[in-house]
Amino acid sequence: MRAGRHDLVVATRRPWGRALPSAPLADEEYVLVASPVWAGRLPDGDPCAALREVPLVTYAEDLPIARRYWRTVFGKQLTARAALTVPNLYAVLSAVTAGAGYSVLPRSLCQDHLDTGSLTLLHDPEEPPLNTLFLVRRPGAEANPDVVRVREALQRAARAW
């Protein structure tokens, strides 16, 4: 963006400084999910204890989303290690849906799978962890009417995320 190749970016963090204007776009909710095969094997009760024997699938070895979920929802540190690390959240979704284990994913990414039953919600906290998405724009980009139309379309669509 700073090099001028992009006019708009959806970012998971607000950019530092004032050089790139940004505005909150949507809050994404994180959910703890697994395939129905794994969900059916888990005993009722403490999800932390139940998941100790289930492989954790993630996109990063430092487990940023899962660690945040554990800290926010369970009030404790996640001690699990990734059994499978894949390149991105779409690959995590595919692996978990295929039965590779469990993960923590943005609800917007996996809601269709939850609706169809190909994924199961493993825990439903009163207040799930949220992450704010930001719409960042290149200074001067609003002079282009196409950029304005895309920005407005993203803002409308984000209301349903």
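# Notebook: strands, a helix and side-chain pairs

**Entry 1. Strand β5.** I began with strand β5, which is mostly covered, five of its five residues being buried. I note here that the model I consulted is a predicted one. Strand β5 spans residues 102-106 and pairs with β2 in the antiparallel sense, over five bridges. For one position of this pairing I looked up the partner: valine 33 has serine 103 of β5 as its bridge partner.

**Entry 2. The other partners of β2.** I then followed strand β2, residues 22-34, to its pairing with strand β7, residues 130-137. This pairing is antiparallel and runs over seven bridges. Within β7, asparagine 131 is the bridge partner of glutamate 28. I also found β2 paired with strand β6, residues 120-123, in the antiparallel sense over three bridges. There, leucine 32 has histidine 123 of β6 as its bridge partner.

**Entry 3. Helix α5.** Which residues of helix α5 are buried? In this helix, residues 107-116, I found Leu109, Cys110 and Leu114 to be buried. They lie on the same side of α5, because the arc they cover around the axis is only 110°. On the other side of α5, I recorded Asp112, Asp115 and Thr116 as exposed. I next asked what covers the buried residues of α5. The cover includes β2, α4 (89-97), β5 and β6. After α5 comes glycine 117, and its phi is positive, near 90°.

**Entry 4. Threonine 58.** I turned to threonine 58, which lies in strand β3, residues 56-58. Is this residue buried or exposed? Threonine 58 counts as buried because its relative accessibility is 7%, and the cut-off for buried is under 20%. I looked up where its side chain reaches: the backbone oxygen of alanine 60, at 3.3 Å. Leaving aside neighbours within four places in sequence, I listed the contacts of threonine 58 as Leu63, Ala82, Leu84, Thr85, Val86 and Val92.

**Entry 5. Salt bridges.** How many salt bridges are there? The count comes to five, and I looked into several of these.

I took the pair of aspartate 7 and arginine 138, whose side chains meet in a salt bridge at 2.5 Å, N to O. This pair links distant parts of the chain, 131 residues apart. Aspartate 7 is in the segment before β1 (8-11), and arginine 138 is in the loop between β7 and α6 (145-158). Aspartate 7 counts as partly exposed, at 24% relative accessibility. Arginine 138 likewise counts as partly exposed, at 24% relative accessibility.

I then took the pair of glutamate 29 and arginine 107, whose side chains meet in a salt bridge at 3.0 Å, N to O. Glutamate 29 lies in strand β2 and arginine 107 in helix α5, so this salt bridge ties together parts that are 78 residues apart in sequence. Glutamate 29 counts as partly exposed, at 24% relative accessibility. Arginine 107 is partly exposed as well, with a relative accessible area of 22%.

I also recorded the salt bridge in which the side chains of arginine 137 and glutamate 142 meet, at 2.6 Å, N to O. Arginine 137 is partly exposed, with a relative accessible area of 26%. For glutamate 142 the relative accessible area is 38%, and this residue too is partly exposed.

**Entry 6. Cysteines.** How many disulfides does a search of the whole structure find? The search finds zero. I looked up why cysteine 48 forms no such bond. Its sulfur is 19 Å from the closest cysteine sulfur, that of cysteine 110, and therefore too far for a bond; the cut-off for a disulfide is a pair of sulfur atoms within 2.5 Å. Cysteine 110 is accordingly in no disulfide, the nearest cysteine sulfur being that of cysteine 48. Cysteine 48 is buried, with a relative accessible area of 7%. Cysteine 110 is also buried, with a relative accessible area of 0%. I had already met Cys110 in Entry 3, among the buried residues of α5.

Key: Residues are numbered from 1 along each chain as its sequence is written. This is a predicted model: local features need pLDDT of at least 70, side-chain atom pairs count only at pLDDT 80 or more; totals for chains, interfaces and linings use all residues. Side-chain values use heavy atoms; hydrogens and water are left out. Two strands pair if DSSP finds at least two bridges between them. Helices (H or I, at least four residues) and strands (E, at least two) are DSSP runs, numbered from the N terminus. Buried means under 20% relative accessible area, exposed over 50%, partly exposed in between (1.4 Å probe, protein chains only). The arc is that of the directions from the helix axis to the C-beta atoms. Contact means heavy atoms within 4.5 Å. A polar contact is a pair of N or O atoms within 3.5 Å; within protein, one must be able to donate a hydrogen and the other to accept it, and residues adjacent in sequence count only if both atoms are side-chain atoms. A salt bridge is a side-chain nitrogen of Lys or Arg within 4 Å of a carboxyl oxygen of Asp or Glu.
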